[in-house]
Each structure stands twice: as structure tokens, then as C-alpha cells.
Amino acid sequence: MLKILNIVGARPNFMKIAPIQREMQRRSSEFRPLIVHTGQHYDEAMSDSFFRDLGIPEPDYHLEIGSASHAVQTAKIMTAFEPVVLAQKPDWVLVVGDVNSTIACALVCSKLGVKIAHVEAGLRSRDRSMPEEINRILTDSISDLLLTTSPDADENLKAEGIPAQKIRFVGNVMIDSLLYNLENAKGLPTREGLGVNGTDYAVLTLHRPSNVDEPDVFGGLLAALSDISKRLPIIFPVHPRTRANIERFGFADRVAGSDIRLIDPLGYLDFMNLYSGARLVLTDSGGLQEETTALGIPCLTLRENTERPITIELGTNRLVGTDPDTIRAAANDVLDQDLTIETRIPPLWDGRAAERICDALVEASR
Ligand code: UD1
């Protein structure tokens, strides 16, 4: 029986842990999974509603860290997590993604000699100014089992000198959650509640510090988005960081003069209801690039790089950067096209990644 601590901290972690926890509970003769929530995200909208929507059990440990600078947040997670590991003596600690909770918990385990499994290993944007890129590189360098979503990730890891026997291509566990919840999400009245009809709307998310912390960049993005909203309304669930900056930079008026509709962050199922029906998605999120690829929805990524190149090679994603003219032109391209675009689902994005993750853990424990 393998005792596993499954770590969650921030919003993009919840939909990755949910299928893994469920599969481990199903295989109860092989696994004893416990959930540790660091509390990096803590709001009802950023955390609690995801536990409910995804059916994740109450955390066994809640570290209640909250927001702080990167150093303080990472240090507080480490200090609070170490006694949990010492008390539980797990066989594995499983971390997902690239947030501060991921590296903080992995680092604690590496010092205590506890084995680390990293889900979504090997993704690289090659942009070291992104905090997530540092988290990815460091977490991978100290993990014992590196579970990847795409073949390019395997190549990245091998190029960094990680032995092939530590790497397993298991597919995309986020797509497990998407496929598991899609029918249920489609049945919700979210779109009607927001007053959007058919597919004639776009969905926007923006929260990367590089996009929303610089007034020039953020202002340029809003100018382009405001023009695009003249062609179709843009529904914009606003991340707390972004909301604060709209106020700080005095951008509320710019938004008010457009058809960009600001709403509070949505829960997992409501957000799926919304984006799954959209004609176009504009985003700087990592996960949404993958979700739109899985559903064949055109996606414009408002960044200069992506750690998920497979969504461009096979899927519906296009990198458009932050230049307003390029963004306007790309959106017009999509909106002038026929609605159907040719897309291929990347290999092993089939809803069964959690099974393969569990198999890999069993095999790596022999
Ligand atoms: C974090 C992750 C990022 C991920 C994002 C998803 C890191 C380095 N970054 O960034 O990779 O894409 O989560 O959301 O781990 N806040 C609230 N309520 C909350 C959480 C945050 O109001 O529940 C506010 C706080 O003012 C906080 C700010 O949002 O200072 C930013 O939160 P933080 O966790 O520092 O980073 P994110 O930008 O959310």
C-alpha cells in the first residue's frame, strides 16, 4: 500500500489533483492518498468552489498560507509542510504544475529524502522571467518520477540530463477532468445567466504579471480587446490580481466604453460551460490553451512564448504576443474564417492519464 500526499495550492492545481485522488481512492488496496492544501489560493471563488465542483474531499491538512511575496510564500509553505511529511512518512509526495506550492513542497521532500512525483513535468517556455519557468525547472531537477503530458516535454527533460527511466509520458490529467465534467457543465445555465447567445461571444482571461502589472502592456491589451469587442462581446472573468490593477491604473473607464464584460472569477463548471460554447478564447493562461485544443475552440494566447507548443502544432492555439495590432489582426482572422477549424487531439489526452499516473507510481515503487 502506497501512502501518497497529493499537494494542491493554487487554482490551476485542483483540476489536476481531482482525477488522481479519485483514481487512488478507487484503487484503495494499492493507494492511501491524503490531500494537503497549502492555501496559496484561499478565496471561495479561487479555491473552495473548485473542491465542490470537482468533488475533491476535504483536505487532510490545510496549511493556510495565503498571499505574500514569492520568497515569503514559498518559505511559509516549506515551514508548514515539513512537519506534515515528518509525521506522515509518505512513500511519495505528488506535486502538479508549476506554482509556488509545487516547488516549495518538492524542495522539502528532496531534503528529507522523500520521493517526489511531478505531474506535468518537462514543460518549458524558455522564458526565465516567468516565475513558473523557474518553478518547473527546479521541481523537475529534484523529482524522482517525471510524468509528462506531451512528447516535447520528454525531450526537454532528456536535454537537461534527466535519465530516461525517471520519465513517463502519461498524457494530460487536466483533460481527464475536462472530459469527466463536460456534459454536466454543458447542462448548467451559466451562459443564459450572463446574457450571451449561441456562440457569438469571446472569453478572455488575463492574470500573468508580465501582462497585467505593467500599465503600458495592460493598457495596450485593453485597447486591442476593446476594438475586438466591437465585433463580438468579450466575457472576462477577472482574476483578483487583475481586478486590483484595473483599479490601480484607473482602467475602469476604458473597459466601460467597450463591450468587454467584467465578471467575478467563475467556478470550474461554470467556466467550462462558458468557454466550451465560445467562438474565440483570448488568454494568457496555461491550462486554457490545452482545454481549447481538446475542444477545438480557436485560442489566441496573449504571450510571446508558450510552454505548451503541442497546442500550436496540433491544436487550435496561436501565439499572438502583446502587440495590439497583431492581436486585432489575429482576432479578425479567426472571426472572418469559417467556424470549423482542423484540429487534432494530442496523443494520450484521452481521459485516462490518472490511471497511467497510478500505474507509473506502482511501477516506480517496485
Ligand atoms: C498563481 C500562480 C500562477 C497561476 C495562478 C492562477 C505562482 C508563482 N503563480 O498566480 O502560476 O497561473 O496562480 O491563478 O504560483 N488573491 C486573492 N485570493 C486568492 C488568491 C490570490 O485575492 O485566493 C490575490 C492576492 O491579492 C494575491 C494575488 O491575488 O496577492 C496574486 O495571487 P498569487 O497566489 O500570488 O499569484 P497568482 O497571480 O494567483
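Domain bounds here come from an automatic or database domain assignment.

**View 1. The ligand and the two domains around it.** In this predicted model, the shell around the ligand takes at least three residues from domain 1 (2-171 + 349-364) and at least three from domain 2 (181-336). Two helices, α3 (70-88) and α11 (240-248), each contribute at least two residues to this shell.

**View 2. The residues of the shell.** The ligand has 17 residues around it, and those that come nearest are Gln 40, His 41, Asn 100, Glu 132 and His 207. Sorted by class, the shell holds eight polar, five nonpolar and four charged residues.

**View 3. Polar atoms beside the ligand.** Gln 40 places a polar side-chain atom 2.8 Å from an oxygen atom of the ligand. At Tyr 42, a polar backbone atom is 2.9 Å from a ligand oxygen atom. For Arg 241, an N or O atom in the side chain is 2.9 Å from an oxygen atom of the ligand. The protein buries 84% of the 750 Å² that the ligand exposes when taken alone.

**View 4. The pocket.** The largest pocket is the space taken by the ligand.

Key
Residues numbered from 1 in each chain as written. Predicted model: local features only at pLDDT ≥ 70, side-chain atom pairs only at ≥ 80, totals over all residues. Heavy atoms only, no water. Near = heavy atom within 4 Å. Polar contact = N/O pair within 3.5 Å; in protein donor to acceptor, adjacent residues only side chain to side chain. Areas by Shrake-Rupley, 256 points an atom, 1.4 Å probe, with all protein chains shown as cover. 1 Å grid on protein atoms, 1.4 Å probe; cavity = no way out; pocket = protein on both sides within 12 Å on 5 of 7 lines; lining within 4 Å. Sits in = over half its atoms within 2 Å of the grid points. Helix = DSSP H or I, 4+ residues; strand = E, 2+ residues; numbered from the N terminus. Nonpolar A, V, L, I, M, F, W, Y, C, P; charged D, E, K, R; others polar.
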